[in-house]
Amino acid sequence: MSDLWRYPFLPDARKAVQGLELETLLDDPLYGEARTLAIERLNAAISDRLEGLGVPVDARDEETYLLSFLFSRLILSAQADSKVINWVALTEALRVEATLNQEAAAVLVHISGQLGVPVKLVGESFQVDYTVYLTATKNLRTGRWKLVNRGVADGKVMLDQRTLVRVLREIVVEHLQALPELPKDLGQKVLERFSPDMESMQVMAKEREERALRELGRLDFGKAPPCFAKHLTDLQAGVNLPHPARFFLTTFLTALGRDPEDIMELYATAPDFKESVTRYQVEHITGKISGTEYDTPSCSSLISQGVCPGGNALCREIVHPLSYYRVMAEREKSDEIRRRRLAQAAGSDDAEFWAQLPLDSPSDAPQRSLAAALDADGPSRVTTQVEHFRGRHTKVDGKYIRWASARLVDDTVVKSLETLPLLQWERALPLAHAKERGEAVEVTLLPVKLGEQRRLHVLAAG
Ligand code: SF4
């Protein structure tokens, strides 16, 4: 088979570089290019830009590609960071899936066999023994993957090319996650030589987690509490979540109106997804098979179970993660309600003042010092220090409005100035964060006069 460099995990590819000692690959200057390419390959896989890696131009290049794959496995094994490993495995497998979808049927038959899924070409479909199918799809088995939904005839299942390739992707992921165990001395040597690269890989894996969370997008993750964000990103990166964390995610999503199938899909995007186990857990917790729909645990339970990663300033004002989500929904209220709640939090009934108050930030506010911002007619962007930050609540009609206030200062003013109530916590949290760390923060603000007091109206932060 040509183009083996595209499938470096196949037995054929291993044969092409066999006999090479791992120590030699690590130390011999002859393999410097392969080692450099291995690092590039890992960085590209973690940050999901493998297509930028280029392609080999001749046979020698192809061998370097194969060796770089081998060496990348050495690094992953020594590093033993499950997030890095899972992102690499997932990206490499997605690349393979895209490539296999372009391959001729005969090549697919060969590669399937090498991956332990022997198939026979029948017309334009691929015939596979049902026992092989069951083993190969053990992590898929929802909906269309179920054997009953595929149809079995004479113990055989028929798959079209895309379906077969999707199954192979699962197998490639598993294969890439199963790393060779290195002799202790060799592992230590790899760690010593490549620790700066490994640290940067961990940073990239973290950034990818954050991106994955944003891209999930169907829920408003900007409103999710830190506990939800942490465990969901861990899940996305293939970290094996303990049961209390899975229980929390499932009950939280159920409370936000997600049905069990939706939740299954969310779990299915995790590289370590085990369908049968997960389905049982989800359907039990959501009440589909148990008849009991469990409530989302409170913060105190989550803290005692080790699920709370440590809250932020808003967490200190609430006792339940769902309250966090609701408080973060302030921006979704109508302008009229937002203004009324601002007035209630401020304890002011100056109707004219609140009716004229802008609620959202312009995109083109000029950068100014705090002193200049105080003299300006409109909003300014100001880099400021947070002298004081405090979470507060006001009870209105039996319900709490949870808000924050801060005092902002820079070296162009003598005295700090207090903000109007901050009800939008996506503006308040960067201020709390800056205060905790003693860092400056960029805000867009408008100077206002409430009664006799000069105040700062924060329109954006962070
Ligand atoms: S305090 Fe509550 S809402 Fe905040 S992170 Fe912890 S468990 Fe989640």
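This short report looks at the surroundings of a ligand and at a small group of paired strands.

## About the model

The model is predicted, so local features need pLDDT of at least 70 and side-chain atom pairs count only at pLDDT 80 or more, while totals for chains, interfaces and linings use all residues. Residue numbers start from 1 along each chain, following the sequence as written.

## Around the ligand

Let's begin with the shell, where a residue is near the ligand if its C-beta atom, placed from the backbone, lies within 6 Å of it. Its members are Pro225, Pro226, Cys227, Cys299, Leu302, Cys308, Gly311, Cys315, Pro321 and Tyr324. At least two shell residues come from each of α11 (226-236), α15 (299-304) and α16 (321-327); helices are DSSP runs of H or I with at least four residues, strands are runs of E with at least two, and both are numbered from the N terminus.

Sorted by class, the shell holds 9 nonpolar residues, 1 polar residue and no charged ones. Here Ala, Val, Leu, Ile, Met, Phe, Trp, Tyr, Cys and Pro count as nonpolar, Asp, Glu, Lys and Arg as charged, and the others, Gly among them, as polar.

## The sheet

Now for the strands: 3 of them form an open sheet in the order β1-β2-β3, with antiparallel pairing. Two strands pair if DSSP finds at least two bridges between them. The edges belong to β1 (119-122) and β3 (156-159); each has a single partner strand, so one side of each lacks a neighbour in the sheet.

β1 and β2 are joined by 4 bridges, and Lys120 has Gln127 in β2 as its bridge partner. These two strands make a hairpin with 2 residues between them, and Gly123 in the turn has a positive phi of about 65°. On the other side, β2 (residues 125-129) pairs with β3 over 4 bridges, where Asp129 is matched with Lys156.
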